[in-house]
Amino acid sequence: MQFPTSRLPRPGRARRAARSLAVAAATALAVTALLPTGQAGAAGTSLRSLAQARGIYFGASLAQSDLNNPSLTAVAGREFGMLTPANEMKWDTTEPGPGSFNFAPGDRIASYAKANGMRLRGHTLVWHNQLPSWVRGLPADQLRAAMRRHITAEAGHYKGQVYAWDVVNEAFNEDGSFRTDDPFHNALGDGYVADALRTARAADPNAKLYLNDYNIEGLNAKSDAMYRLVKSLKSQGVPIDGVGFQAHFVVGQVPASLKANLQRFTALGVDVAVTELDDRIQLPANSAALARQADDYAGVVRTCLAVPRCVGITQWDVGDPDSWIPGTFPGYGAATMFDNGYRPKPAYTASAAALAAGAHHLAPTD
Ligand code: G3I
């Protein structure tokens with residue numbers, strides 16, 4: 001661990017730091033002892049309960065078909081206190097034809113969440129992907145009306161059931177310009193983001209409203225663009241409550257600037273959340289890679305706990321068998337905290353230990 005020179009520990013501090021490190025190490029050992037492979041979730045040691053005790057949530061995403069997999073749901077219900085539907089609240093499912101709404105798949109996931117005492121992250125209202133073709137072809141005035149109708153209907157349908165909405169997903173190119181292949185930006189200009197946020201606020205005044213993206217976890221051109229956008233929205237009084245950092249990482253490559261980046265966003269007066277965490281490994285995953293992955297996961301947990309307005313962490317998918325990674329990145333996988341038999345991996349034990357050793361930083365939210 002490197003300290004910036006302005007925060008070098010003084011001798012008294014060093015003793016206290018050594019003491020708290022010893023306590024943390026002992027707690028981590030205790031958690032590790034409680035969590036041998038295959039026995040995760042012993043009383044009080046699930047990720048959801050450990051996270052809740054620290055004032056954050058730990059969540060996962062799942063798809064409707066996953067609800068038929070008892071190995072998967074056993075882990076999901078035990079370990080996660082927040083649920084994101086992987087596809088079921090996206091536009092192609094919820095409004096496949098103009099004004100023709102289908103909330104049945106999303107409702108099924110919402111019922112599962114409710115039955116298991118989990119909260120819901122709504123994902124997502126406005127996104128260029130998984131968007132029916134009829135939306136793409138609309139002229140600007142009709143597209144604006146369609147966007148408002150969609151947000152009003154969907155956020156209205158789930159009013160009171162959703163903790164937070166990813167209102168706009170993946171708005172930016174890697175260089176920080178607005179996404180080129182985005183029909184909303186192409187037709188409506190930069191203002192579509194504010195329009196979407198205002199419409200969502202009117203539809204569900206109590207849901208937290210987020211902008212969500214990938215490759216914005218570290219300090220870079222894309223996160224600079226998100227930062228400028230959030231700053232500008234705040235200065236105009238546009239309702240924006242949080243920024244979601246997807247965090248689709250490659251093992252060993254979690255950006256060193258993650259904490260500084262989250263902190264600059266919270267300084268703008270918004271919450272931050274890790275919304276789609278996974279950490280892919282080139283297959284076959286050996287024990288060294290799994291150990292590095294454990295460090296990555298624990299590092300993300302420690303970073304969230306160190307940033308007071310980091311409200312929680314969501315892993316994308318539940319276990320390696322249902323992960324999207326192998327299908328999208330051939331040769332890569334093993335990206336979650338649960339192995340092919342839904343048994344906890346070193347990343348699970350390390351995340352649980354980091355939660356157990358961390359300091360409480362917010363009022364309980366789960
Ligand atoms: O619905 C069709 C089905 O009719 C067809 O038979 C089947 C054949 O392949 O495809 C089905 O669609 C798939 C869809 O998931 C629903 O299962 C798509 O092919 C598949 O590409 C799609 O993948 C989803 C992906 O978003 C699409 O962008 C993943 O499940 C989902 O996990 C993933 O999630 C995204 C987040 O929303 C945003 N951030 C990145 C993240 C990972 O890509």
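Which side chain makes a polar contact with the side chain of R179? The partner is H128, and the two side chains come to 3.4 Å of each other in that contact. R179 itself sits in the loop between β4 (164-169) and α8, and with a relative accessibility of 9% R179 counts as buried, because the cut-off for buried is under 20%. Please keep in mind as you look around that this is a predicted model.

## Around the ligand

Let us turn to the ligand. It is surrounded by 13 residues, and the closest are N87, K90, H123, E276 and W316. Sorted by class, this shell holds 3 nonpolar, 7 polar and 3 charged residues. Three side chains can be listed with their distances to ligand atoms.

| Residue | Ligand atom | Distance |
|---|---|---|
| K90 (side-chain N or O atom) | oxygen | 2.6 Å |
| N129 (side-chain N or O atom) | oxygen | 3.1 Å |
| Q246 (polar side-chain atom) | nitrogen | 3.0 Å |

How much of the ligand's accessible area does the protein cover? On its own the ligand has 790 Å² of accessible area, and the protein covers 44% of that.

## Helix α7, seen from two angles

Helix α7 is a good place to practise reading a model. This helix runs over residues 140-157, which makes 18 residues. At 1.5 Å a residue, α7 should span 26 Å, and its end C-alpha atoms are 25 Å apart, so the two values agree.

Now look at which parts of α7 are hidden. Its buried residues are L143, A146, M147, H150, I151, E154 and A155. Around the helix axis they cover an arc of only 135 degrees, which means that they lie on the same side of α7.

One of these buried residues, L143, leads to another helix. The C-alpha atoms of L143 and L188 are separated by 8.2 Å, while their positions lie 45 residues apart along the chain. L188 belongs to helix α8 (residues 183-188). Is L188 buried or exposed? L188 counts as buried, because its relative accessibility is 15% and the cut-off is under 20%.

## Backbone details worth a look

Most residues other than glycine have a negative phi, and most peptide bonds are trans. With that in mind, a few places in this model deserve a visit.

The peptide bond from H123 to T124 is cis, and its omega is near 5 degrees. T124 is placed in strand β3 (residues 119-126), and H123 is one of the residues closest to the ligand. Another cis peptide bond joins L283 and P284, where omega is about -5 degrees. P284 is placed in the loop between β8 (271-282) and α12 (287-306).

Positive phi values also turn up. Q130, which is not a glycine, has a phi of about 50 degrees. Its place is in the loop between β3 and α6 (133-136), and at 24% relative accessibility Q130 counts as partly exposed. E170 is also a residue other than glycine, with a phi near 55 degrees. E170 is found in the loop between β4 and α8, the loop that also holds R179. At 9% relative accessibility, E170 counts as buried.

## Pairs linked across the sequence

Where in the chain does the partner of T45 sit, given that their C-alpha atoms are separated by 9.7 Å? The partner is L355, which is 310 residues away from T45 along the chain. T45 is in the loop between α1 (11-34) and α2 (47-53), and T45 counts as buried, with 6% relative accessibility.

V193 offers another pair to find. V193 is part of helix α9 (residues 192-203) and is buried, at 0% relative accessibility. From V193 to L233 the distance is 8.9 Å, C-alpha to C-alpha, and the two are 40 residues apart in sequence.

Finally, visit S323, in the loop between β9 (310-315) and α13 (325-328). S323 is buried, with a relative accessible area of 11%. Its C-alpha atom is 7.7 Å from that of G333, and the two residues are 10 residues apart along the chain.

Notes. Residues numbered from 1 in each chain as written. Predicted model: local features only at pLDDT ≥ 70, side-chain atom pairs only at ≥ 80, totals over all residues. Heavy atoms only, no water. Near = heavy atom within 4 Å. Polar contact = N/O pair within 3.5 Å; in protein donor to acceptor, adjacent residues only side chain to side chain. Areas by Shrake-Rupley, 256 points an atom, 1.4 Å probe, with all protein chains shown as cover. Nonpolar A, V, L, I, M, F, W, Y, C, P; charged D, E, K, R; others polar. Helix = DSSP H or I, 4+ residues; strand = E, 2+ residues; numbered from the N terminus. Expected span 1.5 Å × (residues − 1). Buried < 20%, exposed > 50% of the residue type's maximum accessible area, 1.4 Å probe, protein only. Arc of directions from axis to C-beta.
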